[in-house]
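Work through the following exercises with the structure in view. Each task is followed by a solution that goes step by step.

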Amino acid sequence: MNKLCSVFWDVDGTLADTEMEGHRVAFNAAFAEAELAWFWDRHLYAELLRIPGGRQRVETYAGHLGEEFNEEYLAQLRRRKQHHYIERIRSGYVPWRPGVRRLLKELQLNGVEQWVVTTSGRDSVNALLEVNFPHGDSPFQGCITAEDVCLGKPHPEGYLHALCASGFNKNEVIVIEDSAAGLAAARAANLPCLLTPSPWDQELKSQFHQANAVFDHLGDKELPCKVLVGPPCVQEQVKLEYLQRLIDMAPS
């Protein structure tokens, strides 16, 4: 029997609801400052979220409009977007998803290492963690971000990098994700994956069967979770015991 030693967490849409009221609003503020006649509403942004990484979304959207920006312009736009995103976090517009804080604490208390593996930039991740763990009590032992890899999700490079850096074997780790790209990255790295789907990722529903378990969220005492795919969760909260069960059931 393999023991669960580490959990690899995605960030955007998994740890916190960062996308619609965080990144999207920050992008629009940066566009306005740059005098770009762009506005990403919720529907459009949901479509753009199929493209992993903010810079890639900007470049893809610009390409559809026949526009092209140089490196300096893109870097400046990114800096302004980051500024607005961090302000959104500090102002309380980016809530953690249900059950996340509870599970983070339980895993930490039981000596299970936790790593962030994300396509987002390091500044965005640091801002989220610094605001939510201001006393240096972050439960994460490591962080793999866009700056650490050449290829973002759905490529498995981020997860393979995290495996190498953490020193754990594939049969000692589970991934928690929310998107089709994240699920594909975990599967390509041959890691078991628990999904808490983001509502805007419409293509993910047809891929639920590829995950080891799927929940609407991780669950809290006042807000029980619902199993969509996978073994029953009688406590109606995803806990260490349940994650260990998924490890035990995963093919070796």
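**Exercise 1. Find the bridge partner of Phe-215 in strand 7, and place the two strands in their sheet.**

Step 1. The residue in strand 7 that forms a bridge with Phe-215 is Val-227, where strands (E, at least two residues) and helices (H or I, at least four residues) are DSSP runs numbered from the N terminus. The model is a predicted one, in which local features need pLDDT of at least 70 and side-chain atom pairs count only at pLDDT 80 or more, while totals for chains, interfaces and linings use all residues. Residues are numbered from 1 along each chain as its sequence is written, and side-chain values use heavy atoms, with hydrogens and water left out.

Step 2. Strand 6 (residues 213-215) and strand 7 run antiparallel and are joined by two bridges; two strands pair if DSSP finds at least two bridges between them.

Step 3. The open sheet has seven strands in the order 3-2-1-4-5-6-7, and its pairing is mixed. Strand 3 (142-144) and strand 7 (227-229) each have a single partner strand, so one side of each of these edge strands has no neighbour in the sheet. From one strand to the next, the twist averages 25°.

**Exercise 2. Determine whether Ser-6 is buried or exposed, and describe what surrounds its strand.**

Step 1. Ser-6 belongs to strand 1 (residues 6-9), and its relative accessibility of 0% makes it buried, a term that means under 20% relative accessible area, with exposed over 50% and partly exposed in between (1.4 Å probe, protein chains only).

Step 2. Beyond the residues up to four places away in sequence, Ser-6 touches several others, among them Val-112, Trp-115, Phe-168 and Ile-174; contact means heavy atoms within 4.5 Å.

Step 3. Helix 5 (residues 100-109) lies across strand 1, strand 2 (113-117) and strand 4 (173-177), and runs at about 150° to strand 1. For such angles, axes are lines fitted to C-alpha atoms, for helices over the stretch in contact, and angles run from 0 to 180 degrees between N-to-C directions.

**Exercise 3. Identify which backbone oxygens lie close to polar side-chain atoms of Arg-24.**

Step 1. Arg-24 is found in helix 1 (residues 19-33) and is buried, with a relative accessible area of 9%.

Step 2. A polar atom of the Arg-24 side chain lies 3.0 Å from the backbone oxygen of Met-20, and the backbone oxygen of Trp-40 lies 3.1 Å from a polar atom of that side chain.

Step 3. Leaving aside neighbours within four places in sequence, the residues in contact with Arg-24 include Glu-19, Phe-39, Asp-41 and Tyr-45.

Note on methods
A polar contact is a pair of N or O atoms within 3.5 Å; within protein, one must be able to donate a hydrogen and the other to accept it, and residues adjacent in sequence count only if both atoms are side-chain atoms.
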